[in-house]
Amino acid sequence: MWGIQRTRYADCNSSEASKETEITVNIGGVKQVLYGDVLNRFPDTRLAELVSCSLKSSEEICSLCDDYDPDTGEFYFDRDPEAFKCIIELYYYGEIHMKRGICPICFMKEMEFWKIGSDFLDDCCKSNLREVEDELAEIAEKVKTILVDREGDPSAGGWQRFQMCLWRLMEKPESSLPAHIIAIVSFIFILISSVVMCVGTIPDLQVEDSEGNLVEHPTLEVIETVCIGWFTIEYVLRLISSPNKIKFVLAFMNIIDFMAIMPFFVVLILTSLGAGVMELANVQQAVQALRIMRIARIFKLARHSSGLQTLTSALKSSFKELGLLLMYMGVGVFLFSALGYTMEQNHPETLFTSIPQSFWWAVITMTTVGYGDVYPKTTLGRCNAAISFLCGVIAIALPIHPIINNFVLFYNKQQVLETAAKHEIELMALRSGDSDGELKAAPGPHKHVCGAGVWDNAMRSCHSDTYIPLLKDPRGGAGIQTPSMDTSFESTAEATEYFIS
């Protein structure tokens, strides 16, 4: 029995309440005695309705609880006793605080059963609930995407089916074996082109042209041309098969792909215009700049690496921390470069000729690089350098921890979402041939992925080694429904309600 201290109230005659209705409830095998005057503080809840059960029929009493013993007056509820500990706090403290280790979605079902609105939930618990709802919405969206990738749209026409098939082949390596092979080939071409670009700058491997200038070896140029041809074909096919051409062109990774192939064709066009155009100094500088842009192709690796994509997402969510880092460094560079110039300007062999020139020294000192090309020669200047070094270490170390936490958070979240989505897809094939609409046992150990597992390690108790069917059988089986290809969600609340109803 739980020992929540009960507060007694005086009646209108300033005497302690003499007539109290005691109600015995059994929550999942755990008994507790509740008092009517306490429960009546919230008369619209299920527990408050038990106070007046003496005036109700047996059918009405059974509609309020799972079982009732008229001899002892005990109400039995087949509910979670741990969650009920939080529910009962409403009647004593006026709000509900969800304890760590309880799945927020399951707890909201408990509150719905006890007829308690979500407004009584504490603000910190509401934020946790919103995070889990967003996660479930993302899982539903991933399941929908996988369904579309695997089955396609049956109502689409011939060209649309071909377009979707080509899109899955070029953009979804996990959709089929040929798509996986194409992704591997594209990855190899990226590595080869990057190696060729680096090797082509080695003087021993370069050859002289008719004017005596060193140029890339013809063999390397052939390999470069083949790689660019592959990148071009890949980009054009993905553009043709893209469902949304404007969104495709403006996507960051597709801009990188375009920048990787554009310099080759620009140089080819300028070369075809004749030697007179290529002799212009401005044109030659433009050609060199375009050749340098070839380094952008290394970012194409992010398309085939979930780790790089997670790192990009973590950096996007860490703009505030990165801004603090730049602000700390900017203030430090300006301060210590000005102090360094002031302390060193009277030295006959000073290397600090101006404050802007001292910026370089402050940057390499605060970042602990210290090339040694610029250094102080006076005692005060060296003291200033030591202080700038210590301040630089502190300024860099402070924002790093939140950035690392964001990366770990995004990585764990991505892993949980992928596992949950694959789990739901696997369950689609586990429908039995029985007329009862039950699901077959899974061919192997399965775990139910709790939505809150990403945000709190303490919520691991939500995970169960018992296989729990999540998909609703079309013939009437219970469980979580998987969104079909035609399902769309206007909000996270709608997706969550669909996903767990």
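Start by selecting Asp67 in β3 and Tyr76 in β4: the two are bridge partners. You're looking at a predicted model, so treat every stop on this tour as part of a prediction. Now widen the selection to residues 74-77, which make up β4; three bridges join this strand to β3, and the two run antiparallel.

**The rest of the sheet**

Add the remaining strands and you have an open sheet of four, in the order β2-β1-β4-β3, with mixed pairing. Which strands stand at the edges? They are β2 (30-35) and β3 (67-69); each has a single partner strand, so one side of each is left without a neighbour in the sheet. Turn the view to look across the strands: the twist averages 25 degrees from one strand to the next. As background, strands of a sheet pair through backbone hydrogen bonds, either parallel or antiparallel.

Next, pick residues 22-27, which are β1. Six bridges join β1 to β2, and these strands run antiparallel. For a landmark, click Val25, which stands opposite Gln32 in β2. Then follow the chain round the turn: β1 and β2 form a hairpin with two residues between them. Gly28 sits in that turn and has a positive phi of about 60 degrees.

**Aromatic stops**

Switch on the side chains of Phe, Tyr and Trp. How many aromatic pairs does a search of the whole structure find? The count is 15.

Zoom in on Phe84 and Trp114, one of these pairs: the rings are tilted, at 5.1 Å centre to centre, with 55 degrees between the planes. Phe84 belongs to helix α4 (residues 81-87), while Trp114 is in the loop between α6 (104-113) and α7 (123-151), so the pair ties together parts that are 30 residues apart in sequence. Try a surface view here. Phe84 has a relative accessible area of 0% and counts as buried, and Trp114 is buried too, again at 0%.

For another tilted pair, go to Tyr235 and Phe248, whose ring centres are 5.7 Å apart and whose planes meet at 50 degrees. Here Tyr235 comes from helix α10 (residues 218-241) and Phe248 from helix α11 (residues 245-250), 13 residues apart. Buried or exposed? Tyr235 is buried, at 12% relative accessible area. Phe248 is buried as well, at 4%.

Go back to Phe84 and Trp114 and add Phe77 and Phe113: the four form one aromatic cluster. Keep Phe113 centred and show the arginines. Arg46 lies over the face of Phe113, 4.2 Å from the ring centre. Arg79 also lies over the face of Phe113, at 4.1 Å from the ring centre.

**One residue along from Trp114**

Select Lys115, which lies in the loop between α6 and α7. Check its backbone: phi is near 60 degrees, a positive value in a residue other than glycine. In general, most residues other than glycine have a negative phi. Lys115 counts as partly exposed, at 38% relative accessibility.

**Helix α17 and what follows**

Now select residues 355-366, helix α17. Put a distance between its end C-alpha atoms and you get 16 Å; at 1.5 Å a residue, the twelve residues should span 16 Å, which agrees. At the start of α17, look for a side-chain oxygen of Ser354, which reaches to within 3.2 Å of the backbone nitrogen of Gln357. Then colour the buried residues of the helix: Ser358, Trp361, Ala362, Ile364, Thr365 and Met366.

Step just past α17 to Thr368. Which way does its phi go, positive or negative? Thr368 has a positive phi of about 60 degrees although it is not a glycine. The residue lies in the loop between α17 and α18 (379-427), and at 45% relative accessibility Thr368 counts as partly exposed.

**Last stop**

Finish by selecting Leu339, in helix α16 (residues 319-344). Leu339 counts as partly exposed, at 32% relative accessibility. Add Leu380 and draw a C-alpha to C-alpha distance: the two leucines are 9.4 Å apart in space and 41 residues apart in sequence.

Terms used:
Residues are numbered from 1 along each chain as its sequence is written. This is a predicted model: local features need pLDDT of at least 70, side-chain atom pairs count only at pLDDT 80 or more; totals for chains, interfaces and linings use all residues. Side-chain values use heavy atoms; hydrogens and water are left out. The expected span of a helix is 1.5 Å times one less than its number of residues. Buried means under 20% relative accessible area, exposed over 50%, partly exposed in between (1.4 Å probe, protein chains only). A polar contact is a pair of N or O atoms within 3.5 Å; within protein, one must be able to donate a hydrogen and the other to accept it, and residues adjacent in sequence count only if both atoms are side-chain atoms. Rings of Phe, Tyr and Trp (its six-membered ring) pair if their centres lie within 6.5 Å; planes under 30 degrees apart count as stacked, over 60 as edge-to-face and the rest as tilted. A charge sits over a ring if NZ of Lys or CZ of Arg is within 6 Å of the ring centre and within 35 degrees of the ring normal. Two strands pair if DSSP finds at least two bridges between them. Axes are lines fitted to C-alpha atoms, for helices over the stretch in contact, and angles run from 0 to 180 degrees between N-to-C directions.
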